[in-house]
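I opened this structure for a first look and kept notes as I went. The sheet comes first, then the helices, then one loop residue.

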Amino acid sequence: LALREGADGVECDVRLTRDGHLVCVHDRKVDRTSTGTGLVSEMTLAQLRDLDYGSWHSSWRPDAEQGDTRLLTLDALVSLVLDWHRPVKLFIETKHPVRYGALVESKLLALLHRYGIAAPASADRARAVVMSFSAAAGWRVRRAAPMLPTVLLGETSRYLGGSATSP
């Protein structure tokens, strides 16, 4: 839907499954966002594909506009974005800490190399940006793919009328 609506970029969070697949899932556990329970890192791709990730939500309607509510792999998302009829940037956040450590970035870079977007001519021409709250993850990506843009995410506080809050 974001692509059909004209988005210039899409963002996703990636986690590694027990059998080594990168999947677009925000939370460590699937409990809040799917019909299942458990840790993403302890489940196989097949187990995660058996779950529904959207029809449980009160805003879901069974129509063509809502789209698919099954698991989205990073491979499928990258393919969709690169095949789109106009350039769209992909912002990929690696989630940390995780049981698989550096394997997340290693698998991510291998996937981006497979699609030919891990080594752009310049940061301005990059089709992907890798983001993380983990400085170590960012440095691993920078060392392996120096022209691929990276972003170190950080917790921020805002001053709101006398009290500091964290978003």
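Before I look at who stands opposite whom, I need a rule: two strands count as paired if DSSP finds at least two bridges between them. I also keep in mind that this is a predicted model.

**Entry 1: the far end of the sheet.** I looked up β4 (residues 128-132) and strand β5 (residues 150-152), and they pair in the parallel sense over 3 bridges. Within that pairing I found Ser132 opposite Leu152 in β5. I then followed the chain between the two strands: β4, helix α4 (residues 135-144) and β5 make a right-handed β-α-β unit.

**Entry 2: the other neighbour of β4.** On its β3 side, β4 pairs in the parallel sense over 5 bridges. Here Ile92 stands opposite Val130 in β4. To get from β3 to β4 the chain passes through α3, and this β-α-β crossover is right-handed too.

**Entry 3: is β4 buried or exposed?** I checked residue by residue, and 5 of its 5 residues are buried. Both faces are covered: Ala128, Val130 and Ser132 lie on one side, with Val129 and Met131 on the other.

**Entry 4: the whole sheet.** What is the order of the strands? I read it off as β2-β1-β3-β4-β5, an open sheet of 5 strands with mixed pairing. β2 and β5 are the edge strands with a single partner each, so one side of each has no neighbour in the sheet. On average, neighbouring strands are turned by 30° against each other, direction ignored.

I also looked at β1 (9-16) beside β3 (89-94). These two pair in the parallel sense over 6 bridges, and Val10 stands opposite Leu90 in β3. α3 packs on the sheet, where it touches β1, β2, β3 and β4, and its direction makes about 160° with that of β3.

**Entry 5: helix α3.** I tried a length check on α3 (103-114). Its 12 residues should span 16 Å at 1.5 Å a residue, and the end C-alpha atoms are indeed 16 Å apart, so the two agree. Next I listed its buried residues: Val104, Glu105, Leu108, Leu109, Leu111 and Leu112. Seen down the axis they fall within an arc of 160°, so they line one face of the helix. A general point helps me here: an α-helix has 3.6 residues a turn, so residues three or four places apart point the same way. Among the elements covering the buried residues of α3 are α2 and α4, along with strands β1, β2, β3 and β4. Just after the helix I noted Gly116, which takes a positive phi of about 75°.

**Entry 6: helix α2.** Which residues of α2 (residues 74-83) are buried? I found Leu74, Leu77, Val78 and Val81. They sit on the same side of α2, because they cover an arc of only 95° around the axis. I then looked for their packing partners, which are β1, β2 (22-24), β3 and α3.

**Entry 7: a loop residue.** Last, I picked Ser41, in the loop between β2 and α1 (45-49). Why does Ser41 count as buried? Its relative accessibility is 17%, and the cut-off for buried is under 20%. Leaving out residues up to four places away in sequence, I saw Ser41 touch Leu16, Thr17, Arg18, Arg99 and Tyr100.

How values were computed:
Residues numbered from 1 in each chain as written. Predicted model: local features only at pLDDT ≥ 70, side-chain atom pairs only at ≥ 80, totals over all residues. Heavy atoms only, no water. Buried < 20%, exposed > 50% of the residue type's maximum accessible area, 1.4 Å probe, protein only. Helix = DSSP H or I, 4+ residues; strand = E, 2+ residues; numbered from the N terminus. Arc of directions from axis to C-beta. Contact = heavy atoms within 4.5 Å. Right-handed = clockwise from strand over helix to strand, strands pointing away. Expected span 1.5 Å × (residues − 1). Axes fitted to C-alpha atoms, helices over the stretch in contact; angles between N-to-C directions.
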